[in-house]
Amino acid sequence: MDYKKRVQQMFLDSGVVLKETELERIEYTDFGLGAIETEGLNLFVYENNERYCGKELVLLPYQTCPEHRHPPRDENEGKKETFRCRKGLVYLYVEGKETKKLSCIIPKGQERYYTAKKEIILHAGDQYTIEQNIKHWFQAGATGAVITEFSSSSDDPSDSFTNPAIYR
């Protein structure tokens with residue numbers, strides 16, 4: 001099964017109902033790194049306006065969304081987001097006291113770009129809120145993951161990635 005079909009099937013298998021026209025609007029990003037199955041993200045945006053944003057995220061098994069933060073911009077203090085795991089397992093890493101033994105698999109050759117190492121493990125039904133301007137990254141477990149994101153307004157061009165080669 002091709003990449004896009006696998007992602008769409010994960011949405012469908014999760015119980016998240018997306019219409020055919022919505023499945024066609026899923027965004028697939030490799031962050032300019034050319035290794036989407038290792039470092040990538042698949043998302044569907046329900047709504048993104050000046051006040052709030054709602055998204056569904058899919059990560060294939062061990063797929064990683066690279067480390068980044070949402071800095072202040074203009075008169076906005078930066079994006080605050082809550083992740084709720086709907087299906088699968090998510091290893092979420094934020095700035096703070098480092099976890100001694102990480103559960104994830106950091107992408108080979110990219111270790112220097114993953115500096116936030118306080119581990120939060122989200123099982124289906126768990127959620128965690130990431131405050132503004134905090135470095136974070138996340139990875140799905142062995143079966144992949146579906147995550148609902150509730151946040152303040154999303155402005156992808158203002159996201160600051162630890163790896164300078166990343167663009168979105």
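In what pattern do helices and strands follow one another along the protein chain? Read along the sequence, this predicted model goes α-α-β-β-β-β-β-β-β-β-β.

**Figure 1. The whole protein chain, with two helices and nine strands.** Before zooming in, here's the overall picture. The C-alpha trace spans about 40 × 40 × 30 Å along its principal axes. The radius of gyration is 15 Å, which agrees with the value near 15 Å for a compact globule of 168 residues. Look at the contacts between residues at least 6 apart in sequence: 74% of them join residues at least 24 apart.

**Figure 2. Surface and charge of the protein chain.** The accessible surface adds up to about 8700 Å², and carbon and sulfur atoms account for 48% of that. On the inside, 47% of the 168 residues count as buried. As for charge, there are 23 positive side chains and 27 negative ones. The centres of these two sets sit 5 Å apart.

**Figure 3. Close-up of His68 in strand E4.** Strand E4 covers residues 64-69, and His68 is part of it. Is this histidine buried or exposed? His68 has a relative accessibility of 5%, so it counts as buried, the cut-off being under 20%. Its side chain reaches back to the backbone oxygen of Pro66, at 2.8 Å. Leaving aside residues up to four places away in sequence, His68 touches Ile134, Lys135, His136, Phe138, Ser160 and Phe161.

**Figure 4. Close-up of Asn49 in the loop between strands E2 and E3.** Here the chain passes from strand E2 (41-48) to strand E3 (53-59), with Asn49 in the loop between them. Though it's a loop residue, Asn49 is buried, because its relative accessible area is 17% and the cut-off is under 20%. What does the Asn49 side chain contact on Glu47? The partner is the Glu47 side chain, in a polar contact of 3.2 Å. A polar atom of the Asn49 side chain also lies 3.0 Å from the backbone nitrogen of Tyr52.

**Figure 5. Asn49 and Lys79, shown by their C-alpha atoms.** This view keeps Asn49 and brings in Lys79, which is 30 residues away along the chain. In space, the C-alpha atoms of the pair are separated by 12 Å. For orientation, Asn49 is the loop residue from the previous figure, between strand E2 and strand E3.

Notes. Residues numbered from 1 in each chain as written. Predicted model: local features only at pLDDT ≥ 70, side-chain atom pairs only at ≥ 80, totals over all residues. Heavy atoms only, no water. Helix = DSSP H or I, 4+ residues; strand = E, 2+ residues; numbered from the N terminus. Rg over C-alpha atoms; globule rule 2.2 N^0.38 Å. Buried < 20%, exposed > 50% of the residue type's maximum accessible area, 1.4 Å probe, protein only. Contact = heavy atoms within 4.5 Å. Areas by Shrake-Rupley, 256 points an atom, 1.4 Å probe, with all protein chains shown as cover. Lys, Arg positive; Asp, Glu negative; His and termini not counted. Charge placed at Lys NZ, Arg CZ, Asp CG, Glu CD. Polar contact = N/O pair within 3.5 Å; in protein donor to acceptor, adjacent residues only side chain to side chain.
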